[in-house]
Every structure is written in C-alpha cells, then in structure tokens.
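Welcome! Here are a few exercises to work through with the sequence and the 3D view side by side. Try each task on your own before reading its solution.

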Amino acid sequence: MTDDAAVLPRQGETRPAADLPLEPMPRVFGGLSGRLLWLTVIFVMLAEILIFVPTVANMRDGWLRDRLDTAAAAGIVIDGLQPAELPRAVQDDTLLATGTKVIALRKDGTSRLLAAMDMPPQVDEQIDLAAQTPLTSMRDSIETLLFGGNRVMRVYGPIGESDMIIELVMSDKALHKAMLSFSRDMFILSLMISLITAFLIYVAINRMMIKPIRRLTRGMQIFSEHPEDPGRLFSPGKEKGELAVAGRHLTSMQIELQRTLKQQKNLADLGLAVSKINHDMRNILASAQLMSDRLVDVEDPMVRSFAPKLLRTIDRAVEYSTEVLAYGQAREAAPKRRRIRLGGLCQEVRDMLALDPDGDIEYLDQIPADLEVDADSEQLFRVIHNLCRNAVQALAQADVTDPLIGRRVSVTAQRVGSVVGITIDDTGPGMPRKARENLFSAFRGSARSGGTGLGLVIARELVLAHGGTIGLVEKPGPGTQFRIEIPDRPVSFEDYRARA
C-alpha cells in the first residue's frame with residue numbers, strides 16, 4: 001500500500017476537521033476580487049458600447065453639418081457674383097476645399113448649380129439634415145461605418161434661418177475614415193475608463209470586503225484545526241458593518257461550540273466512569289436487597305411498617321442502576337404501559353421525598369382516588385419524582401417572606417376524554433431566565449447552582465415515549481408549574497373484541 005492510499009478514509013468513514021488539510025487561499029486575480037475586476041471591465045465596456053452608437057451618430061451629423069456650412073458660405077459668395085460666371089479654376093478650388101463634387105443652391109423655388117466636377121452617374125444615399133431623427137441618424141451612422149467608403153451621397157439642408165437650401169454631392173470616403181478614427185479613439189478611451197474604474201472598484205472592494213472575508217475564512221480554518229483550544233478563537237475587532245457583525249457572531253458560535261465540546265467530553269467521561277462503577281454498584285445493591293429481605297421476619301411493628309417501602313426503594317435503585325447506561329446510549333426502554341392508580345403512585349413519591357411532618361414544606365396531593373392513567377408506573381414515577389424533588393429543593397433554598405403563600409408543593413390531576421393532565425406546582429422563587437431559555441437541555445437547564453439539568457431531560461424523554469407532552473406553564477403568582485399530559489393508548493379491534 002502506498003502512502004497516498006494509507007491516508008484515504010475508508011468507504012463510509014469521515015475525517016475529523018482537524019485531519020483535513022487547510023484549503024489554500026485563491027490567488028488575487030483568480031478569486032472573487034479577480035472575477036469582480038474582469039466583470040467591471042466587461043460591464044463598463046458594454047455601457048460604453050451603448051453610449052458609442054448615439055455618440056458616433058452625433059459625430060457624423062456634426063461632420064456633415066460642418067461640410068454643409070462651409071459649402072453654404074462659399075455658395076452665397078458665388079451666388080453674389082451673378083451674372084458673372086465663376087472661372088473653372090476657382091470652382092475646382094472651391095470643390096476641393098469643401099471636399100465635394102457638386103454644389104447647388106436652391107433659392108426662390110429655383111435651383112442653381114454653383115460648382116461641379118466629375119458628376120457621378122448615380123447617388124447611393126440621400127441625406128436631409130433637417131429631417132434627421134435620432135433613430136435614423138444612428139441607423140445611417142452604423143451603415144456608413146460598416147459599409148461606407150465607396151459610396152456617393154447627396155446631402156442638403158437649409159442655410160441658417162433662411163429659406164435657401166444648399167445641396168452637396170460628395171463621396172463618403174472622408175466621412176468613413178473620420179468615423180473609423182473616431183471609433184478607435186472612443187474604444188481606447190472606453191478601455192482606459194473601464195480599467196481605471198475596475199481597478200478603483202477592485203481596490204475598494206478588496207479593502208472593504210475581500211480582506212475581511214479572507215480573515216473570516218482563515219479564522220474558521222485555524223479554529224477547525226483544534227476547536228477545543230481557546231487561543232484559536234476568532235478576534236472580530238471593533239469595525240462596523242455586516243462583516244464585522246458576522247465576525248462577532250462567528251466568535252460567539254465558536255465559544256458556544258467549545259462549551260458544547262467540553263460538555264460532550266464531560267458526558268463521555270461520565271459515561272466511562274458510570275460503566276466502570278455500574279457492575280460494582282449493582283452487586284452492592286443486590287447485597288443490600290438480600291439483607292433487607294430478612295427485615296420481613298423481624299417482629300418489630302415499626303420495622304414491619306417500613307420494610308416494604310425500603311424493599312421497593314432498593315428495588316428501584318437496582319433497576320435504575322441497571323438502566324443508567326441506557327441514557328448514555330441515548331435510549332430508554334419502551335414503556336410497559338398498563339392502567340394504574342395515579343393517587344397511589346403520587347403517595348409513593350411523597351414517601352420518597354421524606355418530608356419532615358413538622359417542617360415548613362407542605363405536600364398537597366389533590367388527585368381523585370379513582371383516577372387511572374395508562375402509563376408505565378416506574379417511568380411515570382421517575383417523571384413526577386424528578387419534578388417534585390426539584391420543587392422541594394427550590395423551596396428549601398427560597399426565602400419566603402409571605403406567610404399566606406408559605407412553602408407548598410401541590411400535585412393535581414384530571415382526565416379529559418382519553419388524556420390525563422397532571423400539574424406539579426410550587427410556591428418557590430420560580431425558574432431563572434437562563435434556565436427557562438435552556439429548558440430540557442442537559443447541563444444547561446438547571447435552575448440551581450451545581451445542578452446538571454438531567455432530571456428534566458429524562459422526564460421529557462419518558463413523557464415523549466408515552467406520546468405525551470410536558471412543558472412549563474406561565475403563572476401569575478410566584479413559583480414554578482409544570483404540566484404533563486399522558487394520552488391513553490389507542491385500542492385495537494382485536495383488544496376491543498377480546499374485551500367485548
């Protein structure tokens with residue numbers, strides 16, 4: 001096996017982030033900033049193309065208007081020499097100066113040929129400068145730019161505000177050449193503008209966005225190497241803006257992730273420790289169970305009254321010790337449901353709480369004697385016992401100054417149709433805000449200092465296994481109130497027919 005093959009993960013396996021190589025940063029002109037640079041150049045050039053068409057049309061009309069004005073000035077001078085005829089040499093010089101082949105003047109409804117040289121056999125294009133619209137001007141300009149150079153055109157238009165019209169017949173070669181030169185200059189200027197604009201945008205975006213994004217990416221990569229190391233947390237800085245907010249959120253997320261990883265490590269260590277002591281604990285409890293069985297034979301009435309409760313307590317401890325690893329494996333045993341008297345179960349909860357009859361904490365059981373619930377008795381006992389124990393602990397630490405309220409834990413229940421609702425209420429100080437925000441979260445939802453919050457997590461898991469719900473109820477007065485709802489199992493046709 002080669003070295004390359006040795007480092008490849010097997011099929012179905014994944015690598016931890018720390019084992020993955022850091023992805024190199026993209027090159028300056030190959031990453032986002034480079035693409036932005038070229039896109040800016042392209043978009044500016046496209047905008048310049050849209051501007052070029054009306055600009056070159058305006059240049060063409062101006063060029064023709066200049067020729068027409070020059071010929072008009074010469075035409076008025078020639079017209080003023082009437083009836084004398086203009087010498088041939090002067091006509092040739094005039095035509096050469098204006099770049100035309102024929103100059104004619106229309107005045108008072110008559111047309112007079114002022115100068116002519118090499119009269120062309122046909123005219124390819126007629127241009128009336130007075131009737132030109134922007135669309136026709138742009139169309140004719142593109143046509144001249146693409147196909148001109150060897151065509152003859154007739155151009156005419158009014159002279160100033162007068163009713164005289166000057167007409168020219170000329171080749172479009174000079175116009176075509178001027179338009180090509182103008183287009184070349186426009187292209188060079190547009191390219192320079194686009195490059196300068198793109199560079200300025202690139203520098204600004206690279207400073208305001210790309211560098212912070214690279215810093216964020218680098219911070220993620222460094223943190224992913226050893227996420228448990230506090231020294232690898234991203235430092236957001238004091239900048240303002242969306243990326244600065246993202247950096248601060250990234251730091252918060254990394255801190256939360258480190259806290260979660262630490263909790264997961266603690267859970268793993270806890271599971272390993274529990275697995276090591278579980279065997280010995282069961283043996284110790286089994287020995288205690290054997291010795292407690294002999295208490296039944298003791299004739300003392302006091303011992304006889306407490307012996308059954310002690311045996312049930314040890315039996316529960318043995319069962320809890322057997323099932324303690326189930327929570328670490330993220331599973332609980334399926335509930336063994338049957339109809340049970342809820343009042344008797346809550347009485348066992350009261351006995352397990354071992355409240356002092358002469359103490360100031362009162363336990364009220366307001367459950368109808370005939371109320372039955374379809375549930376696993378052991379699992380429902382654990383749920384109610386966890387909630388009542390939390391209430392007693394909160395009351396023991398509370399400073400209750402109102403004698404009318406006192407220290408009280410009350411358990412009430414009622415059946416509505418096929419659902420039994422159980423309410424556990426206390427008059428304690430209530431749950432703090434942090435515990436409310438992390439309710440039913442292990443190691444985060446504890447209401448008292450030093451607590452783990454596992455009791456509520458286990459209670460919720462057991463209630464959900466019954467298809468029920470558990471939640472914290474808002475109450476106007478002081479204290480904490482939990483509401484549990486356990487629905488009956490649906491009855492199948494076979495069970496119904498068997499009972500009928």
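## Exercises with worked solutions

Isoleucine 196 is found in helix α5, which covers residues 173-225. Keep in mind throughout that this is a predicted model.

**Exercise 1.** Find the nonpolar surface patch that includes Ile196 and list the residues that make it.

*Solution.*
- Step 1: Go to helix α5 (residues 173-225) and pick out isoleucine 196.
- Step 2: Add the other members of the patch, which are Phe187, Ile188, Leu191, Met192, Leu195, Phe199, Leu200 and Val203.
- Step 3: Together with Ile196, these residues make a nonpolar surface patch of about 850 Å².

**Exercise 2.** Work out the order of the five strands in the open sheet, and say which strands lie at the edges.

*Solution.*
- Step 1: Begin with β1 (residues 102-107) and β5 (residues 165-171), an antiparallel pair joined by five bridges. To check the register, look at valine 102, whose bridge partner in β5 is valine 169.
- Step 2: Extend the picture to the whole open sheet, and you can read the order β2-β1-β5-β4-β3, with mixed pairing.
- Step 3: The edge strands are β2 (110-116) and β3 (125-128), as each of them pairs on one side only.
- Step 4: From one strand to the next, the twist averages 20°.

**Exercise 3.** Which side chains make polar contacts with the side chain of arginine 154?

*Solution.*
- Step 1: Locate arginine 154 in strand β4, which spans residues 152-158.
- Step 2: Setting aside neighbours within four places in sequence, list what arginine 154 is in contact with: Arg106, Val123, Glu125, Gln126, Ile127, Glu167, Leu168 and Val169.
- Step 3: Look for polar contacts between side chains. One joins arginine 154 to glutamine 126 at 2.5 Å, and another joins arginine 154 to glutamate 167 at 3.2 Å.

**Exercise 4.** Strand β9 pairs with β7 and with β10; for each pairing, decide whether it is parallel or antiparallel.

*Solution.*
- Step 1: Take β7 (residues 361-366) and β9 (residues 407-416), which run parallel and are joined by six bridges. Here isoleucine 361 has arginine 407 in β9 as its bridge partner.
- Step 2: Turn to β10 (residues 419-426), which pairs with β9 in the antiparallel sense over eight bridges. In this pairing, valine 409 stands opposite aspartate 426.
- Step 3: Follow the chain from β9 into β10, and you will find a hairpin with two residues between the strands. Glycine 417, in the turn, has a positive phi of about 65°.

Key. Residues numbered from 1 in each chain as written. Predicted model: local features only at pLDDT ≥ 70, side-chain atom pairs only at ≥ 80, totals over all residues. Heavy atoms only, no water. Pairing = 2+ DSSP bridges. Helix = DSSP H or I, 4+ residues; strand = E, 2+ residues; numbered from the N terminus. Axes fitted to C-alpha atoms, helices over the stretch in contact; angles between N-to-C directions. Polar contact = N/O pair within 3.5 Å; in protein donor to acceptor, adjacent residues only side chain to side chain. Contact = heavy atoms within 4.5 Å. Patch = residues over 30% accessible without salt bridge, like charges linked within 9 Å, V, L, I, M, F, W, Y side chains within 5 Å. Areas by Shrake-Rupley, 256 points an atom, 1.4 Å probe, with all protein chains shown as cover. Salt bridge = Lys/Arg side-chain N within 4 Å of Asp/Glu carboxyl O.
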